[in-house]
Amino acid sequence: MKNVVQFLCVFISVFIFSQTKSVKKLPIKNTPKTAVKKITGTPKKTSDLPVVNAEIPLLIPKKKDGNFGYVNQKGKFIIQPEYHIAVFFYEDCNLLNSPNEKVRKFGTADYATVEKDEISYRINKKGKRVYKFKKEDLGQCAHKEYVQQLFQAYTMNGFFGIIEKAKFRNAQDYRDFQIYPQYEYLYILEGDDVANPMIVASKNDTFGVIDVNNNIIIPFEYSDIKRNFSWKLGKMFDVSKDGKNYYYVDSKNKTY
C-alpha cells in the first residue's frame with residue numbers, strides 16, 4: 001500500500017510539473033521544427049515599425065521637399081514623400097458607412113487618407129493605394145453624442161486664463177480660476193480626455209503647450225503650434241519655429 005501511495009505522489013508531481021513547462025520543452029519527438037520558428041521568429045514587416053513611444057502612431061506624416069510621406073518612430077521614411085496632403089492613419093466614418101459594402105473596410109484605422117494631383121486615396125501601412133475616393137461611395141457618418149467640454153478660455157484685462165465652466169462664479173475671486181489670466185493667447189485642443197485637455201498657449205510672442213494645472217508640456221520655443229486635430233488623432237503637436245516649416249513633436253517634445 002505504501003508503494004502505491006508513493007507511486008501516486010510521484011505521478012501527480014510529474015503531471016503538475018509538466019503543465020508548467022512550455023510546449024517547446026516537452027519531449028514530443030514529432031513536433032515540426034517549422035512550428036517553433038513561427039512562434040519565436042519576428043515577422044520581417046514589424047522591423048520597420050519599431051515602438052519607441054507607445055502613445056503615438058507607428059507611422060507619422062512628415063514633409064520633405066514639399067511633399068508628405070510617412071516615417072516610423074525612429075524617423076525612417078517607410079512611405080516615400082509624394083503626396084500634397086497626408087493625415088494620420090485613422091477611421092473615415094464616411095467609408096465605414098458606405099452604401100458599397102466592399103469599400104467599408106477601407107474606412108478602418110488600418111488606412112490613411114492622402115491626396116496627390118487633387119485626387120484622394122486611402123493607402124495601407126505599406127504605402128499601397130488601395131482605394132480611390134468616389135462620391136457615390138461616401139455614406140453618412142453615424143451621429144455621436146457631443147461630449148461637453150469641462151474647461152474654456154477666459155479673457156480678462158487683455159490676458160487669457162482657463163475656467164472650469166461648472167464651478168466658475170466670480171471673476172474678481174482668483175480662486176475661481178483654473179488658470180488665472182496671464183497668457184497672450186490660449187486654445188484648448190480637441191481631445192478624448194476632457195478632464196485633462198492640452199492647451200496651446202502663448203507668452204512673450206512664443207508658443208508652447210500647457211495642461212489645466214498650468215504645467216508646461218511643450219516649452220515656449222515655437223513661433224506657431226497649429227490648432228488642428230493632431231492631438232486627437234495622433235497624440236502629437238504640429239509645430240513650427242519659423243512659421244513656414246511644420247513638423248510633429250510628441251508630449252515629450254521629441255521631434256519626428
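Here are three short exercises on a predicted model, each with a worked solution.

Local features here need pLDDT of at least 70 and side-chain atom pairs count only at pLDDT 80 or more, while totals for chains, interfaces and linings use all residues. Residues are numbered from 1 along each chain as its sequence is written, and side-chain values use heavy atoms, leaving out hydrogens and water.

**Exercise 1.** Work out which strands sit at the edges of the open sheet S4-S5-S6-S7.

Step 1: strands are DSSP runs (E, at least two residues), numbered from the N terminus. Two of them pair if DSSP finds at least two bridges between them.
Step 2: the order is S4-S5-S6-S7, with antiparallel pairing. S4 (85–86) and S7 (129–132) each pair on one side only, which makes them the edge strands.
Step 3: take a look at S6 (residues 119–123), which pairs with S7 over three bridges. Arg 122 has Tyr 131 in S7 as its bridge partner.

**Exercise 2.** Find the salt-bridge partner of Asp 192 and say where both residues lie.

Step 1: a salt bridge puts a side-chain nitrogen of Lys or Arg within 4 Å of a carboxyl oxygen of Asp or Glu.
Step 2: the partner is Lys 235, with the closest N and O atoms 4.0 Å apart.
Step 3: Asp 192 is in the loop between S11 and S12, and Lys 235 in the loop between H4 and S16 (helices are DSSP runs of H or I, at least four residues), 43 residues apart.

**Exercise 3.** Decide whether Asp 238, which bridges to Lys 226, is buried or exposed.

Step 1: buried means under 20% relative accessible area, exposed over 50%, partly exposed in between (1.4 Å probe, protein chains only).
Step 2: Asp 238 comes out at 8%, so Asp 238 is buried. Lys 226, at 33%, is partly exposed.
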